[in-house]
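The following exercises concern the architecture of one protein chain and its annotated sites. Each task is followed by a solution in steps.

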Amino acid sequence: MENKIILSINAGSSSVKVSVYKARSKSEDPQELAVVEINGLTAPPTTFEYNRGPEKIKGKELSDIESQDDAFNYILKHLEEDEGLPELSDRDNTAYACHRVVHGGDYNTAKVLNEDTYEHIEKLSDLAPLHNASALAIIRSSRKAIPNTTNLAFFDTSFHSTLPASTRTYAISPTIASKNKLRKYGFHGLSYASILSSFSSHLNKAPSKTSFIALHLGSGASACAIGNGQSIDTSMGLTPLGGLPGATRSGDIDPSLVFHYTHSAGAPSRSATKDLHITQAEQILNKESGWKALASTTDFGHISANREIDEGCRIAFDLFVDRVAGYVGAYFVKLEGKVDGLVFAGGIGEKGIDLRKEVGKKLRCMGFDLDEERNKHADVSKQRVVEIGKKVFVCRTDEQLEMARGCVQRSWEMDKGYQFLSI
Ligand SMILES: Nc1ncnc2c1ncn2[C@@H]1O[C@H](COP(=O)(O)OP(=O)(O)O)[C@@H](O)[C@H]1O
Ligand SMILES: CC(=O)OP(=O)(O)O
Ligand SMILES: [Mg+2]
């Protein structure tokens with residue numbers, strides 16, 4: 001495994017992030033060679049960022065990038081053409097491509113992509129309408145562009161396989177629930193695993209002895225109660241629509257609301273395709289709600305900066321503070337108050353100074369005491385975890401590193417010759 005090149009590909013709902021690593025020994029984190037991000041897929045202009053040692057590009061605007069797959073192909077070309085990254089000039093050098101796949105259903109661990117696992121993910125596409133189909137498109141592109149690479153899938157859902165039955169069960173017919181696999185799965189698991197690793201090492205504790213409330217606030221947002229290193233509850237559910245609102249997602253609503261919103265809730269949406277069977281209700285709640293509906297933007301930075309002068313931004317901001325604080329309260333109780341801290345992560349969690357401040361104000365009653373100055377100057381680009389008050393932290397989550405670690409740790413079993421057949 002030593003010196004092998006790993007590509008880690010993280011397709012989010014509004015971004016594609018790719019990190020390049022060189023593997024060291026099994027017990028060491030792989031060495032990061034370069035990180036590329038294309039952001040703003042739901043809020044053009046789409047922007048490009050590149051970091052390779054001294055070589056930095058920030059905020060370059062791109063045109064003609066319309067999907068996660070376009071973004072991935074652009075990134076691959078950029079990496080190949082970078083003369084300072086000779087490791088990628090020969091495509092055959094890449095030993096592993098790790099793909100973040102949001103919905104893994106009942107898969108509890110990472111899988112080598114072959115026809116069976118590909119089909120398993122494909123079947124779950126309707127349960128992650130903003131994600132799984134894009135991940136599969138990237139997997140197909142990766143297969144074509146770097147054919148001698150072993151493709152691995154890492155799932156957002158795996159981290160939550162520890163959810164207790166009382167938490168993962170919906171109060172519906174158990175027969176139908178079991179037949180149709182209707183339960184809480186939870187998402188952002190790679191991020192929570194990354195946060196757990198960084199936060200426990202910051203505290204100098206074993207992950208299995210670390211308990212905290214984590215907030216992954218990005219285009220999709222969720223909260224997670226982690227008790228002794230295990231997910232005991234999380235706010236997303238059967239799909240990434242449940243729980244907190246997001247850039248284009250409503251989050252939790254009264255389930256009957258949608259039938260009052262439109263009479264054709266169950267009809268196929270115009271954006272339904274042969275591969276993605278999405279209803280009008282799902283279209284509305286996944287793609288036309290959230291910040292986009294309330295504030296006409298999916299950029300939470302804009303919402304935060306304009307909330308004093310724009311009514312839509314104000315309600316979007318206040319509503320998010322309200323919902324986030326509500327989950328922290330609920331999870332504090334679930335963890336019986338035994339928490340090492342509250343940890344903010346994700347694009348909004350890491351950069352949203354005002355959001356953290358306002359959430360912090362509401363949580364003082366539980367012993368989380370955010371310090372305004374430390375909050376303002378928190379910079380997780382240099383240090384993975386920054387303490388911004390008593391029991392309040394910001395953490396730079398790294399889903400790509402989490403996958404690359406998993407790849408290094410399990411490479412010996414994965415090398416045993418699964419083959420990716422004919423997709
Ligand atoms: N300065 C900022 N303040 C608040 N939110 C920000 C700021 N900069 C970026 N964001 C938000 O971060 C979100 C992207 O988060 P990220 O976790 O990178 O996305 P994704 O869910 O696609 O992985 C965007 O919605 C963007 O509005
Ligand atoms: C699961 C999910 O919502 O992911 P993201 O926030 O990256 O869109
Ligand atoms: Mg993300």
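**Exercise 1. Locate E399 and describe its surroundings.**

Step 1. E399 is found in helix α15, which spans residues 399–414; helices (H or I, at least four residues) and strands (E, at least two) are DSSP runs numbered from the N terminus.

Step 2. The model is predicted: local features need pLDDT of at least 70, side-chain atom pairs count only at pLDDT 80 or more, and totals for chains, interfaces and linings use all residues. Residues are numbered from 1 along each chain as its sequence is written, while chains are lettered from A and ligands numbered from 1 in the order in which they are written.

Step 3. E399 counts as buried because it has 25 C-beta neighbours inside 10 Å. The criterion for buried is 20 or more other C-beta atoms within 10 Å of the residue's own, for exposed 12 or fewer, and for partly exposed a count in between, with C-beta atoms placed from the backbone.

Step 4. Not counting residues up to four places away in sequence, E399 touches N10, R100, L190, S191 and S194; contact requires C-beta atoms, placed from the backbone, to lie within 7 Å.

**Exercise 2. Which residues does the UniProt annotation "binding site" cover, and what is the largest C-alpha distance?**

Step 1. According to the unreviewed UniProt entry, the annotation covers N10 and E399. UniProt positions follow the numbering used here, feature names are shortened, and annotations may be inferred rather than shown by experiment.

Step 2. They are spread over 390 residues of sequence yet cluster in space, with a largest C-alpha distance of 7.0 Å.

Step 3. N10 belongs to strand β1. N10 is buried because 24 C-beta neighbours lie inside 10 Å.

Step 4. With residues up to four places away in sequence left out, N10 touches K17, R100, E399 and Q400.

**Exercise 3. Is D156, the residue under the "active site" annotation of the unreviewed UniProt entry, buried or exposed?**

Step 1. D156 sits in the loop between β8 (150–155) and α4 (165–168).

Step 2. D156 is buried, because 28 other C-beta atoms lie within 10 Å.

Step 3. Apart from neighbours within four places in sequence, the contacts of D156 are R100, V102, F187, H188, G189 and L190.

**Exercise 4. Determine the strand order of the eight-stranded sheet and identify its edges.**

Step 1. The eight strands form an open sheet in the order β5-β4-β3-β2-β1-β6-β8-β7, with mixed pairing; two strands pair if DSSP finds at least two bridges between them.

Step 2. β5 (55–62) and β7 (111–112) are the edge strands; each has a single partner strand, so one side of each lacks a neighbour in the sheet.

Step 3. Strand β4 (residues 46–52) runs antiparallel to β5, and six bridges join the two. Within this pair, Y50 stands opposite I57 in β5.

Step 4. Helix α1 (residues 68–81) packs on the sheet, touching β1 (5–11), β2 (16–22), β3 (31–39), β4 and β5, and its direction makes about 140° with that of β3. Axes are lines fitted to C-alpha atoms, for helices over the stretch in contact, and angles run from 0 to 180 degrees between N-to-C directions.

Step 5. Helix α3 (residues 132–145) also packs on this sheet, where β1, β6 (94–101) and β8 are touched; the angle to β6 is about 170°.

**Exercise 5. Analyse the seven-stranded sheet in the same manner.**

Step 1. The order in this open sheet is β11-β10-β9-β12-β15-β14-β13, and the pairing is mixed.

Step 2. The edges are β11 (230–234) and β13 (369–370), each with a single partner strand, so one side of each is left without a neighbour in the sheet.

Step 3. Two bridges connect β13 with strand β14 (residues 385–390), and these strands run antiparallel. The bridge partner of D369 in β14 is K390.

Step 4. Helix α11 lies across β9, β10, β11 and β12, at about 15° to β10.

**Exercise 6. Where does the largest nonpolar core lie relative to the domains?**

Step 1. A nonpolar core is a set of buried Ala, Val, Leu, Ile, Met, Phe, Trp, Tyr and Cys residues joined through C-beta atoms within 7 Å. The largest one has 104 residues, of which C98, I213, A214 and V343 touch the most other members.

Step 2. Helix α11 (residues 311–334) supplies the largest share of this core, nine residues.

Step 3. Domain 1 (5–155) and domain 2 (204–399) both contribute residues, so the core lies between them; the bounds come from an automatic or database domain assignment.

Step 4. The domain centres, taken over C-alpha atoms, are separated by 24 Å. The contact takes 16 residues from domain 1 and 18 residues from domain 2.

Methods. Two residues are in contact if their C-beta atoms, placed from the backbone, lie within 7 Å.
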